[in-house]
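Reader: I am in my first year and still learning how to read a protein model. Could you take one part of this chain and go through it slowly with me?

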Amino acid sequence: MTRPACCAGGVGDAGPPVRWSASSGSPLEPEIGFSRAVRVGAHVAVAGTAPIGPDGGTVGHGDVGAQLRRCLEVSIEALAVVGALPEDVIRTRIMLTDITRWREAAAVHGEFFAWIRPVTTFVEVSGFIDPDWLVETEVDAAVGEDAGP
């Protein structure tokens with residue numbers, strides 16, 4: 001078995017990789033020293049994900065729903081790189097700069113996860129790296145032992 005570029009470790013070519021990583025291409029990843037997602041065995045963690053578009057700019061200025069949608073799209077893309085699916089998601093964390101807007105975020109979260117129903121936390125934070133960001137997410141997943149990218 002040839003390991004994808006995202007993989008590191010493992011025992012010989014036949015063993016499962018110890019660690020898989022995914023990048024979203026964010027310029028902050030190498031600067032800060034983090035991966036968008038990391039999978040070790042069946043466990044996947046997706047880093048704090050902001051509403052950054054493919055052009056590097058903020059998506060959905062002033063729109064909590066649009067920003068959350070972008071965060072979740074980026075997270076789901078990262079999950080796919082390490083062999084996880086949306087239905088593997090077991091926890092989401094939704095961080096908002098204005099908790100009174102939680103229902104806007106909840107509606108979009110439901111579009112993605114109403115049938116999966118992961119454990120979810122909404123929390124208010126004082127701010128993010130970019131003051132235009134209204135929301136940021138974290139996602140955790142658990143993948144079946146035999147699954148992989």
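Author: What follows is a close look at two arginines, with a short view of the whole chain before them and one loop residue after them. Please keep in mind throughout that the model is predicted.

It helps to begin with the setting, in which the chain holds three helices and seven strands, and these elements follow one another from the N terminus in the order β-β-α-β-β-α-β-α-β-β. The chain has 149 residues, of which 39% count as buried, and it exposes about 7800 Å², with carbon and sulfur atoms supplying 56% of that area. When one takes the contacts between residues at least 6 apart in sequence, 64% of them join residues at least 24 apart.

Now look for R39, which you will find in strand β3, the stretch made of residues 37-40. Because its relative accessible area is 2%, and a residue under 20% is called buried, R39 belongs to the buried residues. Its side chain has polar partners on the backbone: a polar atom of the R39 side chain lies 2.6 Å from the backbone oxygen of G41, and a polar atom of that side chain also lies 2.9 Å from the backbone oxygen of V82.

From there, move back along the chain to R36, which sits in the loop between α1 (28-32) and β3. R36 has a relative accessibility of 4%, so this residue too counts as buried. For R36, the backbone oxygen to look for is that of G48, which is 2.8 Å from a polar atom of the arginine side chain. If the neighbours within four places in sequence are left aside, the residues in contact with R36 include A22, S23, S24, S26 and E29, and among the others that R36 contacts are A45, V46, A47, G48 and T49, together with V74 and A78.

Finally, you may set beside these arginines a residue from another loop, I116, which lies between α3 (102-113) and β6 (119-124). I116 has a relative accessible area of 16%, and since the cut-off for buried is under 20%, I116 is therefore buried. Apart from residues up to four places away in sequence, I116 touches P86, E87 and V89. As for D88, that residue is 28 residues from I116 along the chain, while the C-alpha atoms of the two are separated by 8.3 Å.

How values were computed: Residues are numbered from 1 along each chain as its sequence is written. This is a predicted model: local features need pLDDT of at least 70, side-chain atom pairs count only at pLDDT 80 or more; totals for chains, interfaces and linings use all residues. Side-chain values use heavy atoms; hydrogens and water are left out. Helices (H or I, at least four residues) and strands (E, at least two) are DSSP runs, numbered from the N terminus. Buried means under 20% relative accessible area, exposed over 50%, partly exposed in between (1.4 Å probe, protein chains only). Contact means heavy atoms within 4.5 Å. Accessible areas come from the Shrake-Rupley method with a 1.4 Å probe; for residues, only the protein chains shown count as cover. A polar contact is a pair of N or O atoms within 3.5 Å; within protein, one must be able to donate a hydrogen and the other to accept it, and residues adjacent in sequence count only if both atoms are side-chain atoms.
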